[in-house]
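Thanks for coming, everyone. I'll put the structure up and walk you through it piece by piece.

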Amino acid sequence: MDLSFSFIIPVFNRPNEIEELLDSLLSQTYTKNYEIVIVEDGSTLPSKEVVERFDDKLNISYYQKPNSGPGDSRNYGMRLAKGNYFIVLDSDCILPPQYLVEAEKSLSEQFVHCYGGPDAAHTSFSNVQKAINYAMTSFLTTGGIRGRKDAVNKFQPRSFNMGISKEAFEVVGGYGNIHPGEDPDLTIRIWNNGFETKLIPEAFVYHKRRIDWNKFYNQVKKFGMVRPILNKWHPTTAKITYWFPTLFTLGLLGALILVVFDIWWPIAFFVFYFVLLFVDALLKTRNLKVSIMALFATCVQFFGYGLGFLKSTIYTTFSKRSPEVLFPKLFFKTND
């Protein structure tokens, strides 16, 4: 297949982010033509002036539309794109210079209609960003599955760094209106239509995640809340491992209560885990402060995801109302 790439980048009130991303695209070592499609998703702080500064340097198109969420905006961009292979990015990503070269090389050697790449922490990131990145990507937490080729039989790409062929997009129909959760929902429907996915480890991005601790908690809580909904929509994909953050959270709270009654052995398991986590973070980040913060980030991740998963499981199991009615904030109204 003669690949023609189109980057699809929705943006919402983040002109500074899109400037950093476009700067990184200027540094690509890829010598063939490619397209960049920016979709302004109803922003009150538009990126138009920033994008215009790159008009004479990049093959770039800029579109504005009412706010309808990232999934619908990505669909909008893919419908307007001229390439035959779409690369979906979040606006808070920075690409290494070799990104497109590695993506094309991998797809030329083993073509698939959908791929995903891992994320990494750039040296310019703040300590909080590095700690959150560790929690979201480490094999010892819930995030590492995205970055390990041997960790899963079928890799589930995430749309901060995801490629999808035009053919697969047209067959599947693109993203749904759930958010977050639109990524695994799309991937499952891609599989159900006979298309394969894979991880391209070399096609990584630096994912800045401009969030503080409170925003991070709310984000991972939403991740936990959408999973039982996806399990209900796609029952064959449900796994017992999705319960791990909930069991971890309840187990840690129970162990702390038992300490009050002078029962120490349960908490010893968690102490061992946190020591292992700290050593791993220290080896990977080479930063003592970030390693300590990574312990807190992991707790935030487990507690947020675990409690969100438990709440959503109870509601979706025992209520006769639809997920859209139970959790309206997890769904965007799309523009027809």
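One rule before we look at the sheets: two strands count as paired if DSSP finds at least two bridges between them. Keep in mind that this is a predicted model.

Start with the smaller topic, the sheet of 3 strands. Its order is β5-β10-β7, it is open, and the pairing is mixed. Which strands stand at the edges? They are β5, residues 93-94, and β7, residues 119-120. Each has a single partner strand, so one side of each has no neighbour in the sheet. Between β7 and β10, residues 205-207, there are 2 bridges, and these two strands run parallel. If you want a spot to click on, take Ala-120, which stands opposite Tyr-206 in β10.

Now the other sheet. This one has 7 strands, in the order β3-β2-β1-β4-β8-β6-β9. Again it is open, with mixed pairing. The edge positions belong to β3, residues 60-65, and β9, residues 197-199. Each of them pairs with a single strand, so one side of each is left free of a neighbour in the sheet. From one strand to the next, the twist averages 20°.

Let's go through some of its strands. β1 and β2 run parallel and are joined by 6 bridges. Ile-8 stands opposite Val-37 in β2. Is β2 enclosed or open to the outside? It is largely enclosed by the rest of the structure, because 7 of its 7 residues are buried. Look at both faces. Glu-35, Val-37, Val-39 and Asp-41 point one way. Ile-36, Ile-38 and Glu-40 point the other way, and all are buried. Note the acidic side chains in that list: Glu-35, Glu-40 and Asp-41 are buried too.

Further along, β6, residues 114-116, meets β8 through 3 bridges, and that pair runs antiparallel. Tyr-115 has Gly-163 in β8 as its bridge partner.

Helices come next. Helix α7, residues 182-192, packs on the sheet and touches β6, β8 and β9. Its direction makes about 30° with that of β8. Helix α1, residues 15-26, lies across β1, β2, β3 and β4. Relative to β2, α1 runs at about 175°.

Then there is α3, residues 70-80. How many of its 11 residues are buried? The count is 8, so this helix is largely enclosed by the rest of the structure. The buried ones include Asp-72, Arg-74 and Asn-75. Stay on Arg-74 for a second. It lies over the face of Tyr-175, at 5.0 Å from the ring centre. There is another case like that to look at: the charged end of Lys-311 sits over the ring of Tyr-315, 5.8 Å from its centre.

Back to β8, and to one residue in it. Asn-161 lies in this strand, which covers residues 161-165. Why do we call Asn-161 buried? Because its relative accessible area is 0%, and the cut-off for buried is under 20%. What does its side chain have for polar company? A polar atom of the Asn-161 side chain lies 2.9 Å from the backbone oxygen of Ala-203. Its contacts further off in sequence include Val-88, Leu-89, Tyr-99, Tyr-115, Pro-118 and Phe-204.

Two of those tyrosines come up again. Tyr-99 and Tyr-115 belong to an aromatic cluster. The other members are Phe-5, Phe-7, Tyr-30, Tyr-34, Tyr-85 and Phe-111.

On aromatics overall, the count comes to 24 pairs. Take Phe-244 and Phe-302. Their ring centres are 5.5 Å apart and the planes stand at 90°, so the pair is edge-to-face. Phe-244 is in helix α9, residues 244-260, and Phe-302 is in helix α11, residues 288-318. So this pair ties together parts that are 58 residues apart in sequence. Are these two rings' residues buried or exposed? Phe-302 is buried, at 0% relative accessible area. Phe-244 is partly exposed, at 41%.

Last stop, Asn-177. You will find it in the loop between α6 and α7. At 29% relative accessibility, it counts as partly exposed. From Asn-177 to Trp-265 is 46 Å, C-alpha to C-alpha, with their positions 88 residues apart in sequence.

That's the tour. Questions, please.

Conventions
Residues numbered from 1 in each chain as written. Predicted model: local features only at pLDDT ≥ 70, side-chain atom pairs only at ≥ 80, totals over all residues. Heavy atoms only, no water. Helix = DSSP H or I, 4+ residues; strand = E, 2+ residues; numbered from the N terminus. Buried < 20%, exposed > 50% of the residue type's maximum accessible area, 1.4 Å probe, protein only. Polar contact = N/O pair within 3.5 Å; in protein donor to acceptor, adjacent residues only side chain to side chain. Contact = heavy atoms within 4.5 Å. Phe/Tyr/Trp six-rings, centres within 6.5 Å; stacked < 30°, edge-to-face > 60°. Lys NZ or Arg CZ within 6 Å of the ring centre and 35° of its normal. Axes fitted to C-alpha atoms, helices over the stretch in contact; angles between N-to-C directions. Lists of a residue's contacts leave out its neighbours within four places in sequence.
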